[in-house]
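Welcome! Have the sequence and the 3D view open side by side, and let us walk through them together.

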Amino acid sequence: MRKRLLTKKYLRDVNEYSIKILKEKDVYICIKEIIDTKNPFYISKGLCLVDNGYHIIEVLPLNEKFCVRTFFNEKNEFLQKYIDISLGNNVDQETNIPYYDDAFLDIIIDDNEVYVDDEEELELAYKNKEISEYLYSEAKSICNRLLNELKTNEYIIKDVKEYLWKSFLVNHI
């Protein structure tokens with residue numbers, strides 16, 4: 001299990017950025033605007049997820065066990081949605097920054113395709129006793145629940161912009 005602060009993800013080669021963290025009920029919304037990056041970040045499909053003018057919006061519900069990260073290009077066009085399965089979401093007591101305990105397993109949504117990623121990381125973590133059998137099963141169960149919710153359109157935060165609208169931020173990204 002790895003503790004992931006919302007203010008740290010996907011900013012490794014970014015020289016300058018702005019960040020806003022809002023709270024609506026039991027949901028944290030983190031909006032990152034990439035102003036200047038040393039190196040754009042591309043995934044294996046050749047899709048650029050981090051570059052100048054891009055936005056990353058993360059939604060972290062405290063009462064759930066996942067974090068949704070949505071990537072937009074400089075024209076605010078959707079690029080990809082990335083769901084980190086977590087074993088718990090909370091706020092760090094020292095920094096007061098929201099975080100999730102990464103459970104190694106992810107769901108990726110792009111080009112109208114939904115697939116599970118990093119299953120081998122979860123298997124390896126279990127094999128190396130980094131996580132217990134209970135946490136291993138919990139991660140797989142959460143992933144299966146979310147996949148089912150995505151298939152049946154019951155996904156709790158399918159449309160991240162709905163949360164942003166409620167927070168009056170839609171026009172600022």
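## A residue to begin with

F104 lies in strand 9, where a strand is a DSSP run of E with at least two residues and a helix is a run of H or I with at least four, each numbered from the N terminus. Its phi is near 75 degrees, a positive value in a residue other than glycine. F104 counts as buried, at 5% relative accessibility. Here buried means under 20% relative accessible area, exposed means over 50%, and partly exposed is in between, using a 1.4 Å probe and protein chains only.

K25 also has a positive phi, of about 55 degrees, although it is not a glycine. You will find K25 in the loop between strand 2 (14-24) and strand 3 (27-37). Is K25 buried or exposed? K25 is exposed, with a relative accessible area of 73%.

## About the model

This is a predicted model, in which local features need pLDDT of at least 70, side-chain atom pairs count only at pLDDT 80 or more, and totals for chains, interfaces and linings use all residues. Residues are numbered from 1 along each chain as its sequence is written, and side-chain values use heavy atoms, with hydrogens and water left out.

## The overall layout

The protein chain has 3 helices and 10 strands. Reading from the N terminus, the order of elements is β-β-β-β-β-β-β-β-β-β-α-α-α. Of the 173 residues in the protein chain, 48% are buried.

## Helix 2

Helix 2 covers residues 133-151, which makes 19 residues. At 1.5 Å a residue they should span 27 Å, and the end C-alpha atoms are indeed 27 Å apart, which agrees. The expected span is 1.5 Å times one less than the number of residues.

Which residues of helix 2 are buried? They are Y136, E138, A139, I142, C143, L146, L147, E149 and L150. Seen down the helix axis, these buried residues fall within an arc of 165 degrees, so they line one face of helix 2; the arc is that of the directions from the axis to the C-beta atoms. An α-helix has 3.6 residues a turn, so residues three or four places apart point the same way. The face of helix 2 turned away from the buried side carries the exposed residues E133, Y134 and K151.

## Distant in sequence, together in space

Several pairs link separate parts of the chain. L135 sits in helix 2 and is partly exposed, at 22% relative accessibility. The C-alpha atoms of L135 and L87 are separated by 7.4 Å, with their positions 48 residues apart along the chain. Another residue of helix 2, the buried E138, pairs with K65: their C-alpha atoms are separated by 9.6 Å and they are 73 residues apart along the chain. K65 itself lies in the loop between strand 6 (55-61) and strand 7 (66-72), and it is partly exposed at 29% relative accessibility.

Two more loop residues are worth finding. I97, in the loop between strand 8 and strand 9, is buried with a relative accessible area of 17%. I97 and I21 are 76 residues apart along the chain, and their C-alpha atoms are separated by 8.6 Å. I131 lies in the loop between helix 1 (119-127) and helix 2 and is buried, at 5% relative accessibility. From I131 to A103 it is 28 residues in sequence and 8.7 Å in space, C-alpha to C-alpha.

## The cysteines

How many disulfides are there? The count comes to 0 disulfides, taking a disulfide as a pair of cysteine sulfur atoms within 2.5 Å. The sulfur of C30 is 8.5 Å from the closest cysteine sulfur, in C67, too far for a bond. C30 is buried, at 0% relative accessibility, and C143 is buried too, with a relative accessible area of 3%.

## The largest pocket

The largest pocket is lined by 22 residues, of which K9, Y10, L11, R12 and F41 lie nearest its centre. A pocket is an open set of points on a 1 Å grid over the protein atoms alone, where a 1.4 Å probe fits, with protein on both sides within 12 Å along at least five of seven lines; lining residues have an atom within 4 Å of a point.

Strand 1 (2-5), strand 8 (78-91) and strand 9 (98-110) each supply at least two residues of this lining.
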